[in-house]
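Subject: Structure for you to look at

Hi,

Here is the structure I promised to send over. Have a look, and then read on for what turned up in it.

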Amino acid sequence: MGELVDRVDENDLVIGVVDRAEAIEKRWLHRVATTVCRDPLGRILVHRRADGMSRFPGQYNWLIGGAAEVGESYEQAAARELGEELGVFGVPVRPVLRFLCEGEISPYWLGVHEAVVSGVLVPDPGEIAWYGWFEEGELLEAVGRGEFVSDGVEALRRYLERQR
């Protein structure tokens with residue numbers, strides 16, 4: 001077995017446990033937790049995914065995250081992913097929104113969180129090839145040029161609507 005996740009229904013209620021690869025292949029709903037990382041100045045972390053990633057290799061994203069493990073809450077998964085991908089531990093994550101994302105490769109429930117991150121980041125090179133801090137306008141400009149994970153673009157639209 002690979003990465004086990006909760007299979008959920010259209011109301012985000014758990015209906016079973018499945019392998020994530022099977023959930024993607026069969027387009028079963030599962031949970032993904034992400035975090036918008038802001039620095040103390042309010043800038044947003046943008047990164048380029050490593051070329052060896054199984055999903056969206058070499059593309060840019062403004063969200064840090066991944067699948068929620070079996071029995072894990074969105075907040076727990078978001079905090080765990082910050083540690084795994086950026087070496088950031090003990091930073092509180094605040095839920096911002098959750099929606100049913102159609103997804104480019106498979107649908108899933110997406111929980112978007114926010115965290116203020118300061119200090120030294122230690123990105124996992126197997127996950128993150130490059131990162132930088134962008135003002136909101138710079139992020140929108142970069143997204144407009146393409147090369148961003150499409151699911152993240154949809155999440156950005158919803159996130160910015162929420163901010164207004």
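Let's start with one residue: leaving aside its neighbours within four places in sequence, which residues is Pro40 in contact with? They are Val116, Val117 and Ser118. Keep in mind as you read that this is a predicted model.

Pro40 sits in the loop that links strand S3 (31-38) to S4. With a relative accessibility of 62%, Pro40 counts as exposed, since the cut-off for that is over 50%. If you want a distance for orientation, Pro40 and Glu85 are 45 residues apart in the sequence, and their C-alpha atoms lie 20 Å apart in space.

Now the overall picture. The protein has four helices and nine strands, and along the sequence they come in the order β-β-α-β-β-β-β-α-β-β-β-α-α. The radius of gyration is 15 Å, close to the 15 Å that the globule rule gives for 164 residues, so the protein is as compact as a globular protein of that length. Its C-alpha atoms fill a box of roughly 40 × 30 × 30 Å along the principal axes. Of the 164 residues, 48% are buried. Taking contacts between residues at least 6 apart in sequence, 62% of them join residues at least 24 apart.

The part I spent time on is the helix pair H3 (residues 136-144) and H4 (residues 150-163). Their axes come within 12 Å and cross at roughly 145°, and the crossing of H3 past H4 is left-handed. On the H3 side, the residues that meet H4 are Glu136, Leu139, Leu140 and Val143; their partners in H4 are Val153, Leu156 and Leu160. Sorted by class, that contact has six nonpolar residues, one charged residue and no polar ones.

Which residues of H3 are buried? Leu139, Ala142 and Val143. They lie on the same side of H3, because they cover an arc of only 100° around the axis. What do these buried residues pack against? Strand S4 (44-49), strand S9 (128-134) and H4. On the face of H3 turned away from that buried side you'll find the exposed residues Glu141 and Gly144. After H3 comes Gly146, which has a positive phi, near 90°.

Shout if you'd like to go through any of this together.

Cheers

Notes. Residues are numbered from 1 along each chain as its sequence is written. This is a predicted model: local features need pLDDT of at least 70, side-chain atom pairs count only at pLDDT 80 or more; totals for chains, interfaces and linings use all residues. Side-chain values use heavy atoms; hydrogens and water are left out. Axes are lines fitted to C-alpha atoms, for helices over the stretch in contact, and angles run from 0 to 180 degrees between N-to-C directions. Helices (H or I, at least four residues) and strands (E, at least two) are DSSP runs, numbered from the N terminus. A crossing is left-handed if the near helix is turned anticlockwise from the far one by less than a right angle, and right-handed if clockwise. Contact means heavy atoms within 4.5 Å. Ala, Val, Leu, Ile, Met, Phe, Trp, Tyr, Cys and Pro count as nonpolar, Asp, Glu, Lys and Arg as charged, and the others, Gly among them, as polar. Buried means under 20% relative accessible area, exposed over 50%, partly exposed in between (1.4 Å probe, protein chains only). The arc is that of the directions from the helix axis to the C-beta atoms. The radius of gyration is taken over C-alpha atoms; the globule rule is 2.2 Å times the number of residues to the power 0.38.
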